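Colleague: I'm new to this one. Could you put it on the screen and walk me through it, one question at a time?

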Amino acid sequence: PTPTPSPTPSPTPTGPAILSVSPPKGPLAGGNRLTLAGFELTGTLVEAFVGAEPAAVESYNETTVVLVAPPASTSGAVAVVLTYDTYTVSLDSAYTYNPAGVITNVDPTNGALAGGFTVTIIGKNLAENDVE
């Protein structure tokens, strides 16, 4: 019998690194909480950026940084950058600002206070702006 090959493990980074950002997308208005998973993120975190804008850091430790996405002026993928007292780490195209959603129609436009009916909302860029 032919042996089954083992899956190739993901390489472990050497030195500090940002590995992922969750959620990976959000609205131009900012305001959603981002959780950055990392490796060897030690030292004093001096500043954080999402794209070119500074981000408010809520908490951090050696493997996780939680920050609030700042507003952006244009949509698209941006880098997330953390500057510590002795080094800087970044992850390119880690977060995507999506264009603002626009509601063009709501049907029905009214209903009973008791609820129990389906409301259909039609628009543009609505699904792209999920905020977690």
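Modeller: Sure, and keep in mind that this is a predicted model. Let's start with a pair of facing residues: Ser-59 stands opposite Val-66 in β7.

Colleague: How many bridges pair strand β6 with β7?

Modeller: Strand β6 covers residues 56-60. The two strands form a hairpin, with three residues between them. Strand β6 and β7 pair in the antiparallel sense, and the number of bridges is four.

Colleague: What are the elements of the protein, helices or strands?

Modeller: From the N terminus on, the run is β-β-β-β-β-β-β-β-β-β-β. The count of helices is zero, and the count of strands is 11.

Colleague: Which residue in β7 does Leu-36 stand opposite?

Modeller: Look at β3 and β7, which run antiparallel and are joined by five bridges. Leu-36 is on the covered face of β3, along with Leu-34 and Gly-38. Its opposite number in β7 is Val-65.

Colleague: Which residues make up the uncovered face of β3?

Modeller: In a regular strand the side chains alternate between the two faces of the sheet. In β3, Leu-34, Leu-36 and Gly-38 form the covered face. That leaves the uncovered one, which consists of Arg-33, Thr-35, Ala-37 and Phe-39.

Colleague: And what is the bridge partner of Ser-20 in β3?

Modeller: Here the strands are β1 and β3, which run antiparallel with five bridges between them. The partner of Ser-20 belongs to the uncovered face of β3. It is Ala-37.

Colleague: Which residues touch the most other members of the largest nonpolar core?

Modeller: In soluble globular proteins, nonpolar side chains tend to be buried together. Here the largest nonpolar core has 21 residues, and the ones that touch the most other members are Leu-36, Leu-67, Leu-82 and Tyr-95.

Colleague: Which elements give two or more residues to this core?

Modeller: Several strands do, including β3 (33-39) and β7 (64-68). The full set is β1, β3, β4, β7, β8 and β9.

Colleague: What is the strand order in the open sheet of five strands?

Modeller: The pairing in that sheet is mixed. β2 (25-27) and β5 (53-54) stand at the edges with a single partner strand each, so one side of each has no neighbour in the sheet. Reading across, the order is β2-β9-β8-β4-β5.

Colleague: Where does Leu-45 stand, that is, opposite which residue in β8?

Modeller: Strand β4 (residues 45-50) and strand β8 (residues 76-84) pair in the antiparallel sense over five bridges. The residue in β8 that Leu-45 stands opposite is Tyr-84.

Colleague: Thr-83 is in strand β8 too. Is Thr-83 buried or exposed?

Modeller: Leaving out residues up to four places away in sequence, Thr-83 touches Thr-44, Leu-45, Val-46, Glu-47 and Thr-88. Its relative accessibility is 18%, and buried means under 20%. So Thr-83 counts as buried.

Colleague: Which residues form an aromatic cluster with Tyr-84?

Modeller: A search of the whole structure finds three aromatic pairs. In one of them, Tyr-84 and Tyr-87 are stacked, at 4.8 Å centre to centre with 15 degrees between the planes. Tyr-84 is buried at 3% relative accessibility, and Tyr-87 is buried at 17%. The residues that form one cluster with Tyr-84 are Tyr-60 and Tyr-87.

Colleague: How many degrees lie between the planes of Tyr-95 and Tyr-97?

Modeller: Both of these tyrosines, Tyr-95 and Tyr-97, are buried. Their rings are 5.1 Å apart centre to centre, in an edge-to-face pair, and the angle between the planes is 90 degrees.

Colleague: What separates the C-alpha atoms of Gly-101 and Leu-28, in Å?

Modeller: Gly-101 lies in the loop between β9 (88-98) and β10 (102-107). It is partly exposed, with a relative accessible area of 38%. Along the chain, Gly-101 and Leu-28 are 73 residues apart, while their C-alpha atoms are separated by 9.7 Å.

Colleague: Last one: what percentage of the residues in the protein is buried?

Modeller: The protein exposes about 8300 Å², with carbon and sulfur atoms supplying 56% of that area. Out of 132 residues, the buried share is 25%.

Methods:
Residues are numbered from 1 along each chain as its sequence is written. This is a predicted model: local features need pLDDT of at least 70, side-chain atom pairs count only at pLDDT 80 or more; totals for chains, interfaces and linings use all residues. Side-chain values use heavy atoms; hydrogens and water are left out. Buried means under 20% relative accessible area, exposed over 50%, partly exposed in between (1.4 Å probe, protein chains only). Accessible areas come from the Shrake-Rupley method with a 1.4 Å probe; for residues, only the protein chains shown count as cover. Two strands pair if DSSP finds at least two bridges between them. Rings of Phe, Tyr and Trp (its six-membered ring) pair if their centres lie within 6.5 Å; planes under 30 degrees apart count as stacked, over 60 as edge-to-face and the rest as tilted. A nonpolar core is a set of buried Ala, Val, Leu, Ile, Met, Phe, Trp, Tyr and Cys residues joined through side-chain atoms within 4.5 Å. Contact means heavy atoms within 4.5 Å.
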